[in-house]
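Let's walk through this one together, from the outside of the chain down to a single pair of rings. Have the viewer ready and turn the model as you read.

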Amino acid sequence: MPPSHHYSQSQALPRQSILPPSSTTAGPSSMSAAKTRQYANLQAQLEQLNANLTDTQNLLRMTAVQAEDMRFLGGYVGALFMGSAKVLGEEGVKGNADKKESES
């Protein structure tokens, strides 16, 4: 699997909050209710985005595995066609032509 599919250490760690620590402000009362609501909404959207990115990454991994399987199946079917052409070969074509000539 390509190295781009592996988690780096920075991706595995949880993200730090962008809210200011309560020790540097007078407390939650100093932040307006609208700003608090906006931060909460932004956090929910970021969590949803993270979940969607995780799903997308899993789907891409599965797609890569299925593409390899399809490549194998394509080669397998191609080999069957080549084998059937070798078995039938010109004899099968000549046999069909002879039958058509004798029928007419």
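The protein chain exposes about 9,600 Å², and 61% of that area is supplied by carbon and sulfur atoms. Of its 104 residues, 2% count as buried. Keep in mind that this is a predicted model. In terms of secondary structure, the protein chain has 2 helices and 0 strands.

How far can you trust what you see? The mean pLDDT of the protein chain is 78, and 59% of its residues reach 70 or more. Over residues 5-10, however, the pLDDT is below 50. Beyond near neighbours in sequence, that stretch has 6 contacts in the model. Where pLDDT is low, the predicted coordinates should not be read in detail. You may want to look at those contacts with that in mind.

Now turn to helix α2, which covers residues 33-103. Which residues make the nonpolar patch on the surface? The patch is made by Met70, Phe72, Leu73, Tyr76, Val77, Leu80 and Phe81, and its area is about 790 Å². Tyrosine 76, one of these patch residues, is found in helix α2.

Two members of the patch deserve a second look, Phe72 and Tyr76. The structure holds 1 aromatic pair. Phenylalanine 72 and tyrosine 76 form this pair, with 6.2 Å from centre to centre and 25° between the planes. The pair counts as stacked because planes under 30 degrees apart are classed that way.

What separates the two residues along the helix? Phenylalanine 72 and tyrosine 76 are 4 residues apart in helix α2, so about one helical turn lies between them.

Finally, are these two side chains buried or exposed? Phenylalanine 72 has a relative accessible area of 58%, so it counts as exposed. Tyrosine 76, with a relative accessible area of 46%, is partly exposed. The dividing value here is 50%, because exposed means over 50% relative accessible area. Seen together, the stacked pair belongs to the nonpolar surface patch.

Note on methods
Residues numbered from 1 in each chain as written. Predicted model: local features only at pLDDT ≥ 70, side-chain atom pairs only at ≥ 80, totals over all residues. Heavy atoms only, no water. Buried < 20%, exposed > 50% of the residue type's maximum accessible area, 1.4 Å probe, protein only. Areas by Shrake-Rupley, 256 points an atom, 1.4 Å probe, with all protein chains shown as cover. pLDDT = per-residue confidence, 0-100. Contact = heavy atoms within 4.5 Å. Patch = residues over 30% accessible without salt bridge, like charges linked within 9 Å, V, L, I, M, F, W, Y side chains within 5 Å. Salt bridge = Lys/Arg side-chain N within 4 Å of Asp/Glu carboxyl O. Phe/Tyr/Trp six-rings, centres within 6.5 Å; stacked < 30°, edge-to-face > 60°.
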